[in-house]
Amino acid sequence: MDKIEKICIVCPIGCNLIIEKDSTSKDGYKVNGNKCNRGLKYAIEEMTNPTRVLTSTVKIKGISNNMLSVRTDRGIPKDKIFQVMDVIRGLEVELPVEVGDLILKNILNTNANLIATKSVG
């Protein structure tokens, strides 16, 4: 795969990126179609170490059918998403919880923390 096309998801513009292997580039890739440096960075990361912020829910202890919305505070490697979800499925939190509260630190050694995205009291 010497050439790939992706749509940049960093901002609302949604640039059409063309990413090609380039042994003369310090990053190993040449990127065309980006309108800013954020698109360039995104394209290189997609080829070398793609990550995603993961959003999900965790159980609230003692309350059936009620869940707390959570997300990682930074992107995690795409190849670890299912492993992280397995960990999240086993979590239960106790109330009260405030927006931004730390639910789980450094989930699966990804340097990403799981945080609450709403307050429940």
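A pocket here is an open set of grid points with protein on both sides within 12 Å along at least five of seven lines, and its lining residues have an atom within 4 Å of a point. The model on screen is predicted. The tour starts at the pocket and then moves through the sheet, the cores and some backbone details.

**Stop 1: the largest pocket**

Select Ile9, Val10, Arg38, Lys41, Tyr42, Glu45, Glu46, Asn49, Pro50, Thr51 and Arg52, which line the largest pocket. Its volume is about 180 Å³. Two elements, helix 1 (37-48) and strand 4, each give two or more residues to the lining. Helix 1 is the main contributor, with 5 residues. Colour the selection by class and the lining divides into 4 nonpolar, 2 polar and 5 charged residues.

**Stop 2: strands 2 and 3**

Now select residues 29-32, which are strand 3. Which residues are on its covered face, and which on its uncovered one? Tyr29 and Val31 make up the covered face, while Lys30 and Asn32 make up the uncovered one. In a regular strand, side chains alternate between the two faces of the sheet.

Add residues 16-21, strand 2, which runs antiparallel to strand 3 and is joined to it by 4 bridges. One pair to display is Ile19 and Val31, which are bridge partners.

**Stop 3: the five-stranded sheet**

Show strands 8, 5, 6, 10 and 9 in that order: they form an open sheet of 5 strands with mixed pairing. Strand 8 and strand 9 are the edge strands, each pairing on one side only.

Work across the sheet pair by pair:

- Strand 8 (residues 92-93) and strand 5 run parallel and are joined by 2 bridges. Label Lys59 and Glu92 here, since the two stand opposite each other.
- Strand 5 and strand 6 (residues 67-72) pair in the antiparallel sense over 5 bridges. Val58 has Leu68 as its bridge partner in strand 6.
- Strand 6 and strand 10 are also listed as antiparallel, with 3 bridges. Thr72 is paired with Leu114 of strand 10.

Go back to the connection between strand 5 and strand 6. The two strands form a hairpin with 6 residues between them, and Gly62 in the turn has a positive phi of about 85 degrees.

**Stop 4: Leu54**

Centre the view on Leu54, in the loop between strand 4 (51-52) and strand 5 (55-60). Is Leu54 buried or exposed? Leu54 is buried, because its relative accessible area is 11% and the cut-off for burial is under 20%.

Next, select what surrounds this residue. Beyond residues up to four places away in sequence, Leu54 touches Val70, Arg71, Thr72, Ile76, Ile81, Val84, Met85 and Ile88. For a backbone distance, pick the C-alpha atoms of Leu54 and Asp73: they are separated by 8.5 Å, with the two residues 19 apart along the chain.

**Stop 5: the nonpolar cores**

Keep Leu54 selected and add Val58, Leu68 and Ile88. In the largest nonpolar core, which has 18 residues, these four touch the most other members. Strand 5, strand 6, helix 2 (81-89) and strand 10 (114-116) are the elements that give two or more residues to this core. Helix 2 gives the most, with 4 residues. Another core lies apart from it and has 10 residues, among them Ile4, Ile19, Val31 and Tyr42. In soluble globular proteins, nonpolar side chains tend to be buried together.

Two names from earlier stops return here. Ile19 and Val31, of the 10-residue core, are the bridge partners from strands 2 and 3. Tyr42, of that core too, is one of the residues lining the largest pocket.

**Stop 6: backbone details**

Most residues other than glycine have a negative phi, and most peptide bonds are trans. The last selections are worth checking against that background.

Select Leu95 and Pro96, which are joined by a cis peptide bond with omega of about 0 degrees. Pro96 is in the loop between strand 8 and strand 9 (102-104).

Then move to the loop between strand 9 and strand 10, where Leu108 is placed. The phi of Leu108 is positive, near 50 degrees. Asn109 lies in the loop between strand 9 and strand 10 as well, and its phi is positive too, near 55 degrees.

How exposed is each of the two? Leu108 is partly exposed, with a relative accessible area of 34%. Asn109 counts as exposed because its relative accessibility is 66%, and the exposed class begins over 50%.

Notes
Residues are numbered from 1 along each chain as its sequence is written. This is a predicted model: local features need pLDDT of at least 70, side-chain atom pairs count only at pLDDT 80 or more; totals for chains, interfaces and linings use all residues. Side-chain values use heavy atoms; hydrogens and water are left out. Buried means under 20% relative accessible area, exposed over 50%, partly exposed in between (1.4 Å probe, protein chains only). Contact means heavy atoms within 4.5 Å. Two strands pair if DSSP finds at least two bridges between them. A nonpolar core is a set of buried Ala, Val, Leu, Ile, Met, Phe, Trp, Tyr and Cys residues joined through side-chain atoms within 4.5 Å. On a 1 Å grid over the protein atoms alone, a cavity is a set of points where a 1.4 Å probe fits but cannot get out, and a pocket is an open set with protein on both sides within 12 Å along at least five of seven lines; lining residues have an atom within 4 Å of a point. Grid points are joined across faces, edges and corners, and a volume is the space filled by probe spheres set on the points. Ala, Val, Leu, Ile, Met, Phe, Trp, Tyr, Cys and Pro count as nonpolar, Asp, Glu, Lys and Arg as charged, and the others, Gly among them, as polar.
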